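Got the viewer open? Let's walk through this one selection at a time.

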Amino acid sequence: MTSELDIFVGNTTLIDEDVYRLWLDGYSGLWGTVCGCRFGGAVVLDGRAGRARMSDAVALRVRSGILEQTGATAAVLQSDTMDHYRTFQMLERLLHAPPKLLHQLIFQIPPSRQALLIERYYAFDEAFVREVLGKKLSKGTKKDLDDISTKTGITLKSCRRQFDNFKRVFKVVEEMRGSLVDNIQQHFLLSDRLARDYAAIVFFANNRFETGKKKLQYLSFGDFAFCAELMIQNWTLGAVDPQADDMDMDLDKEFLQDLKELKVLVADKDLLDLHKSLVCTALRGKLGVFSEMEANFKNLSRGLVNVAAKLTHNKDVRDLFVDLVEKFVEPCRSDHWPLNDVRLFLNQYSASVHSLDGFRHQALWDRYMGTLRGCLLRLCHD
Amino acid sequence: MPGKLKVKIVAGRHLPVMDRASDLTDAFVEVKFGNTTFKTDVYLKSLNPQWNSEWFKFEVDDEDLQDEPLQITVLDHDTYSANDAIGKVYIDIDPLLYSEAATVISGWFPIYDTIHGIRGEINVVVKVDLFNDLNRFRQSSCGVKFFCTTSIPKCYRAVIIHGFVEELVVNEDPEYQWIDRIRTPRASNEARQRLISLMSGELQRKIGLKVLEMRGNAVVGYLQCFDLEGESGLVVRAIGTACTLDKLSSPAAFLPACNSPSKEMKEIPFNEDPNPNTHSSGPSTPLKNQTYSFSPSKSYSRQSSSSDTDLSLTPKTGMGSGSAGKEGGPFKALLRQQTQSALEQREFPFFTLTAFPPGFLVHVGGVVSARSVKLLDRIHNPDEPETRDAWWAEIRQEIKSHAKALGCHAVVGYSESTSICEEVCILSASGTAAVLNPRFLQDGTVEGCLEQRLEENLPAGCGFCHIPYDELNMPFPAHLTYCYNCRKQKVPDVLFTTIDLPMDAAVIGKGCLIQARLCRLKKKAQAEANATAISNLLPFMEYEVHTQLMNKLKLKGMNALFGLRIQISVGENMLMGLASATGVYLAALPTPGGIQIAGKTPNDGSYEQHISHMQKKINDTIAKNKELYEINPPEISEEIIGSPIPEPRQRSRLLRSQSESSDEVTELDLSHGKKDAFVLEIDDTDAMEDVHSLLTDVPPPSGFYSCNTEIMPGINNWTSEIQMFTSVRVIRLSSLNLTNQALNKNFNDLCENLLKSLYFKLRSMIPCCLCHVNFTVSLPEDELIQVTVTAVAITFDKNQALQTTKTHAEKSLQRASTDNEELLQFPLELCSDALPSHPFPPAKEHLESASSNSGIPAAQRAVTVEKASPVGEGNFRNRSSPPCANSTVGVVKMTPLSFIPGAKITKYLGIINMFFIRETTSLREEGGVSGFLHAFIAEVFAMVRAHVAALGGNAVVSYIMKQCVFMENPNKNQAQCLINVSGDAVVFVRESELEVVSTQQPAANCQPSCTGGEVTT
């Protein structure tokens, strides 16, 4: 006796969160072998014999102890899993454009459940996002997913879903006016938190920031997302003109050009000395690492200003984070600056420039340093 | 021109991409009614076209209005080749034809294609202007209301219940016409859908005419079925109960009493309405001749007193005989005569109702059923469907005579069904023989003192159990005792019925679903031989099904079955029997005896031991079941009852080998009733198997109950969460050495596993009850068995369930408290409007989080919900509200029950009767048979919901999936499925909301006057 067909359809679509997770994680719902679903009697779960007849997803559910809790059999679990998997497969098309999920008539799902479906579908793994952050969301990268899957232990299926989500969101908001986060929220109905994360991913993908270098490995996605948000708020076209196209995606080219003007801060020796003395006077006795700071001031300042001056070249924009870590984070780290000292230094470092009479680009400096200060503080950790 | 139909096409959305080059669609719409077609403009290059068309007006006869569906076709314009069809929407405009139902149909409808399924949605507005034209000879029956509900609909009262109406129409099946060879599958499917839509419209109109002639204004318990007879044609038939209904007019009369519909009925005076409705005025006696003037079965109509062989066996019912009970006797005779006169004029005193106004049902005799096997032949002349009519008339006549044999003059809970395989067709009819109170059967003039006496004489809760037949002249040997409730009249020891448990019945403990399952192999044969073989097998099957039911009932420690439905399906090489019913313990009936096992070879020691082991197991099971279902009847000593049982209990043996080759089903039905202790003789392995199978039925996991009736006896505190579902399973039997036993086991496992799966899936709803569990079995192919289940899971409050005995006052109090909870729990759904005025706002959020149906603790879930919600406050920097929030699709509940727990039905919008075909030639790509059918059923639900929503409703009650015919051809990668569903579209209001509204109303009324006062001063 074999089962040809086995379905359950509720007027309100049943969503099992645990099964949804298994599905999202890419575990197969189908039988591993072509033996078909057995019905008669309970499938005995003694060792391999039982397991061989179960799909990955069912095996995982069995391991969660659900059979003991409910007194169900593996056959029941298999049938239930398949029902859910079919439902999710049918829903997937709608999840690609979440507003459709809200307006469709085929599945009656309470709003809270719809939100959960969307949110979970667009959720991503930290390990995965770190691998693709800043990479071009192209076919080439997609081919590398095999390697990423092996490296991270995330199933290829799940990697594909996450990659496709990134790409889809990117494609939709790419050419749009208005706030990036708002656009994402509008078109994908994500929570605020997740929409911000996606904004960061899209921003990084668009500007192709390098995040994969070994010396950047210590940084989390959260660190980058934090920086991305600051940069979107201050360094993009949208920061000056809320009506601009691509306003939140692209850095303000004019601003980057202007940053060259900051070079005078380190090129002009008097200005550099004056800046140093202003900072040192203000911080004397307040820093634990005062002497190290004093000794290193010119190097640090050169580093920060040179990063700014180089941002006219796309290549250097991409290396922004590598440069920041090399030029600022690593020297601080090697001298064991406490975070608070870094904060005091950066505050003073940016504020003192206002007292430099010969320097005319105060606004430009603030736009640059205001953001950079926030980023650097976030990047300074182990 | 008696009617003007107006249609406006507003917009479309989510259309499929029809032009690969541009990834867009140039859509336009054709609107067709009858032979008139209108078109909208082409809306270029959009998947969300805004046509905003003018009003398309069709001037049509009301006859056409009733028969024809409105057909809306969405197409993709193509300059160079033929326009491609995207899909269609059929809208039944019948609900717009009665005054009280919907006034406009407006909303988003799924665009359906029989090959691709749902492809986007279209927004349509439909209105009808009807001109009254009463002078014409009416062919139409506009205004007659139809209800699928098998009880008096909630916001109506029955003035008169007229009786049985039936009709059938036949046609050639387009699938089998010669043209089908050259047309596409799509064209063929659409022809079929359209034809069936037309035929059901016509059928409904014809039934409506009959109702008008009977001077009724409504059909209740309307059941329409299709017989796909293949080569020989397509039959659409319907039965129902004609009534004169009166709408309860003032909203104040809406009592928040859905949990106990009986209460509501009681509080409404049923009589003393001299002229409730124009239709009902005038004498009802001359109906007789008119009533059947349209019935094609006229030629077969026999008066009930005509000489029928069956009748000669039974006592003349008219004589009453007065010996049944001392006090009730003379009265009974009087009653009987009166009722009989009311019923005698009817050709078939049948009622499709399963629940009745209080006092309507006087006595219940038992189940009556009849089957006959027919050979199908081509229907030559569709206008003269005489053969089919004659077949049914024959069966109904048989049912009627069975009822007479039981001393009953009426049949209630009546239904008809067919099972077809190739050219053989089994027609089945069954019902419950009953004695009815004449009060509802004719105009209120007859009522007098008699009624008062009636009320006095019939003790509540047991009257219907009292035997209607004459004790001294019983139609079959039965074991009678005095009623355990009133101790005045006689009752049988077991009662089987097809109706719902009467509201006032005294029940001990809870009920449970009881099923008998049976397979019988049969040789493959052709035509006559095949029909003969089936006819020969039928009595055996009936007998075994009955034995199984009886055994299982005893095993549960119960003594009555309600909602009994025995389905016999025929396949190429086997017959399947599936009986479902709800077992209960009626307080009026005696405690059932146990089951005893008798061995055949008493000398064998080990065998003996085995037997005693089995016996112990059975006894344990009975004890366990009694505990599980809380069956603990009060001990009554024999003296108090005044033991009417003189003869010593004799153990009559049930011999398996013995055959009762009679096709008199009724005899079989009650013949087991005489045994006090039931003896199973184990004389061969077969019998052993049977005993085993008795014990293999696993009770539902704790927290679950199941029944196939409307309500679960013993549970009356429903909370408002409901989940209707359909589950389908098909298994393939291995063709090797099939035996009856193996078949039985497979079938049994199939059903049990299906139930287990249901319990598992719905575990988050515990404590809950599966109500109206409706199993249908069919044999689509040689080695395939298909089982389809539709039911509704309803949650209930466990704490309150523990106290089974409650006074009414307590009940209502408790209900009020649950109401509050309900409101709190479902603010998201429909009561959002009422929220501002909500009495307990602070508790809202907490409870809300507890409402979603998952097993996670509330606190945790609250977090996830909050996190997940994209609509959270303050998330949007400076944007207007997102497109999602409020514009989501309204919730439409679906339930096979006639009510919605915790809610009040305020309006019936009309009948939903839909027929869909879905076909695929890419089965594998659509996820195999399961993927295909899963998607299709989901689509059917969606289309039903969309139609209800467009009518302005928010629920379908008495929903039923009447047919789900699935055919596959995996080798060709093809499959086809036909589904027929029906139900009543309604508007419901949560009881708690009603209260809010009613308390608000006075306030709102006084406000203007107050302000007015201020102005004047």
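**Stop one: where the chains meet**

Start by selecting both sides of the boundary: 69 residues of chain B are in contact with 54 residues of chain A. Keep in mind that you are looking at a predicted model. Put a surface on the two chains next; about 5,600 Å² is buried between chain B and chain A, with carbon and sulfur atoms giving 59% of that area.

Now switch on the polar side of things. The rule finds 5 salt bridges across the interface of chain B and chain A. For one of them, zoom to R763(B) and D16(A): their closest N and O atoms sit 3.2 Å apart. Across the interface of chain B and chain A, 23 residue pairs are in polar contact, counting pairs with both residues at pLDDT 80 or more.

Colour chain B by secondary structure and see who shows up. Elements that each supply at least two residues to the side touching chain A include β7 (105-113), β8 (117-130), β25 (718-732), α14 (740-761), α19 and β30. Pick out α19(B), as this helix gives the most to that side, with 13 residues. Recolour by residue type, and the side of chain B that touches chain A splits into 34 nonpolar, 20 polar and 15 charged residues.

**Stop two: a loop after α19**

Follow chain B past α19 (928-950) and select N954(B), which lies in the loop before β30 (955-969). Is N954(B) buried or exposed? Its relative accessibility is 12%, so N954(B) counts as buried, the cut-off being under 20%. Finish by showing the side chain of N954(B), which reaches the backbone nitrogen of F988(B) at 2.9 Å.

Notes: Residues numbered from 1 in each chain as written. Chains lettered and ligands numbered in written order. Predicted model: local features only at pLDDT ≥ 70, side-chain atom pairs only at ≥ 80, totals over all residues. Heavy atoms only, no water. Helix = DSSP H or I, 4+ residues; strand = E, 2+ residues; numbered from the N terminus. Buried < 20%, exposed > 50% of the residue type's maximum accessible area, 1.4 Å probe, protein only. Polar contact = N/O pair within 3.5 Å; in protein donor to acceptor, adjacent residues only side chain to side chain. Contact = heavy atoms within 4.5 Å. Buried area = accessible area lost by both parts, 1.4 Å probe. Salt bridge = Lys/Arg side-chain N within 4 Å of Asp/Glu carboxyl O. Nonpolar A, V, L, I, M, F, W, Y, C, P; charged D, E, K, R; others polar.
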